[in-house]
Amino acid sequence: MKLYGMEQSRSFRCLWALEEAGIEYEYVPVKLRTVAEDPDSAQHPSYLAVNVQGKVPTLVNGDLVLTESVAILYYIARLAPESGLLPNASMDVYAQLDEMVCFVLAELEQPLWSKGKHTFALPEEQRIPQLLETAKFEFSKAINALDHLLSDGKFAIADSFTLVDILLAQTFNWAIRFEFDVPEKYVELRDRHYERPAAKRAMAVIT
Ligand SMILES: N[C@@H](CCC(=O)N[C@@H](CS)C(=O)NCC(=O)O)C(=O)O
C-alpha cells in the first residue's frame with residue numbers, strides 16, 4: 001500500500017491512522033506548488049494520473065485509488081478492525097461518529113482551508129484578503145458549536161480512541177499552525193493525542 005502525502009497536510013491524518021492500525025505501507029512525499037516538470041510535483045503527469053486534482057493525500061492499494069482523506073481513514077479503520085479506529089458500537093454511536101466527521105470537514109476545517117487558499121494555495125489573482133477575517137469569525141462559530149457537541153471525556157466518541165480523535169487533533173494542530181485562536185482545552189486535546197506512540201511514529205516519517 002502506498003500513501004502519497006506532504007508533511008503536515010491532511011495526508012498526516014492518514015499516515016497517523018496507518019500507524020495506529022499497524023498496516024505496512026510505503027510513504028511517498030509529494031511536493032505542492034512546484035513546477036510540473038519536477039518528478040515529485042503533485043502537478044507531474046505521473047501523479048495527476050492517480051490524483052486528478054493534484055492534491056494530497058492519495059492512497060493506492062492494488063487497483064484501489066482513494067483521494068479523500070476521510071475515505072482513506074475509514075478504509076484503514078475497516079482494514080484493521082482491531083485498531084478500534086471505528087469502535088465496536090451501537091448504531092446511535094456510529095451516527096454520532098459520522099456526525100462529528102461531517103462537522104470537522106464542513107465546519108471546523110473550512111475556515112482553516114479558506115485561510116490557506118486565500119494566503120498561498122490559490123493563484124494570487126484569485127485571493128480575497130478580506131476573507132481572512134471571515135475565516136476567523138467562522139472558526140470561532142465552529143468552536144462554539146463544538147463546545148456543545150463534544151462531551152468532556154478523554155475521547156470524542158465512545159470511551160476509546162477513534163478516527164474522530166485523529167481528525168480533531170490534526171485539525172487543531174492545523175489551526176494552531178495557522179495562528180487561529182484555539183481555546184486551551186483544544187490545544188490540550190491536540191497535545192494529548194499527539195503524544196500517542198503512533199502519532200509520534202507518523203511525525204518521524206515526515207521529519
Ligand atoms: N477533501 C480533500 C482535500 C485535499 C486537499 O485539499 N489537500 C491539500 C493539502 S491539505 C492539497 O493537496 N492542496 C493542494 C492544492 O490545493 O493545490 C481531502 O480531505 O483529502
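The exercises below, each with a worked solution, concern a predicted model of a chain.

**Exercise 1. The two domains**

Determine which domains the chain contains, how far apart their centres lie, and which helices of domain 1 supply the side that touches domain 2.

Solution.
- Step 1. The domain assignment divides the chain into domain 1, residues 2–83, and domain 2, residues 91–195.
- Step 2. Taken over C-alpha atoms, the centres of domain 1 and domain 2 are 21 Å apart.
- Step 3. Domain 1 contributes 8 residues to the contact, and domain 2 contributes 8 residues.
- Step 4. On the side of domain 1 that touches domain 2, at least two residues come from each of α1 (11–21) and α3 (69–79).
- Step 5. The most is given by α1, with 4 residues.
- Step 6. In character, this side of domain 1 consists of 6 nonpolar residues, 1 polar residue and 1 charged residue.

**Exercise 2. The packing of α1 and α3**

Establish how α1 is oriented relative to α3 and which residues make the contact.

Solution.
- Step 1. The axes of α1 and α3 are 9 Å apart and form an angle of about 5 degrees.
- Step 2. Angles under 35 degrees count as roughly parallel, and α1 is therefore roughly parallel to α3.
- Step 3. From α1, the contact draws on Ser11, Arg13, Cys14, Ala17, Leu18 and Ala21; from α3, it draws on Ser69, Ile72, Leu73, Ile76, Ala77 and Leu79.
- Step 4. Sorted by type, the residues of this contact are 9 nonpolar, 2 polar and 1 charged.

**Exercise 3. Helix α6 and its two partners**

Describe how α6 packs against α4 and against α7, and classify each arrangement.

Solution.
- Step 1. Helix α4 (residues 91–121) and α6 have axes 10 Å apart, at an angle of about 10 degrees.
- Step 2. This angle makes α4 roughly parallel to α6.
- Step 3. In α4, the residues that meet α6 include Leu97, Met100 and Val101; in α6, those that meet α4 include Val164, Leu167 and Trp174.
- Step 4. The contact of α4 with α6 comprises 11 nonpolar residues, 1 polar residue and 1 charged residue.
- Step 5. For helix α6 (residues 163–177) and helix α7 (residues 184–194), the angle is about 120 degrees and the axes are 9 Å apart.
- Step 6. This angle makes α6 oblique to α7.
- Step 7. The crossing in which α6 passes α7 is left-handed.
- Step 8. On the α6 side, Asp165, Leu168, Ala169, Phe172, Asn173 and Ile176 take part; they meet Tyr186, Val187, Leu189, Arg190, His193 and Tyr194 in α7.
- Step 9. The contact of α6 with α7 divides into 8 nonpolar, 2 polar and 2 charged residues.
- Step 10. Leu168 of α6 is listed in the contact with α4 and also in the contact with α7.

**Exercise 4. The surroundings of the ligand**

Identify the residues that surround the ligand, and examine the peptide bond that joins Val56 and Pro57.

Solution.
- Step 1. Around the ligand are Ser9, Arg10, Leu32, Gly54, Lys55, Val56, Pro57, Glu68, Ser69 and Ala121.
- Step 2. This shell is made up of 4 nonpolar, 3 polar and 3 charged residues.
- Step 3. Most peptide bonds are trans.
- Step 4. The bond between Val56 and Pro57 is cis, with omega at about 5 degrees.
- Step 5. Pro57 lies in the loop between α2 (45–48) and β3 (58–61).

**Exercise 5. The backbone at Glu7**

State the sign of phi at Glu7 and locate this residue in the chain.

Solution.
- Step 1. Most residues other than glycine have a negative phi.
- Step 2. Glu7 has a positive phi, near 35 degrees.
- Step 3. Its place is in the loop between β1 (2–5) and α1.

Terms used: Residues numbered from 1 in each chain as written. Predicted model: local features only at pLDDT ≥ 70, side-chain atom pairs only at ≥ 80, totals over all residues. Domains from an automatic or database assignment. Contact = placed C-beta atoms within 7 Å. Nonpolar A, V, L, I, M, F, W, Y, C, P; charged D, E, K, R; others polar. Axes fitted to C-alpha atoms, helices over the stretch in contact; angles between N-to-C directions. Parallel < 35°, antiparallel > 145°, perpendicular 65-115°, else oblique. Left-handed = near helix turned anticlockwise from the far one by under 90°. Near = placed C-beta within 6 Å.
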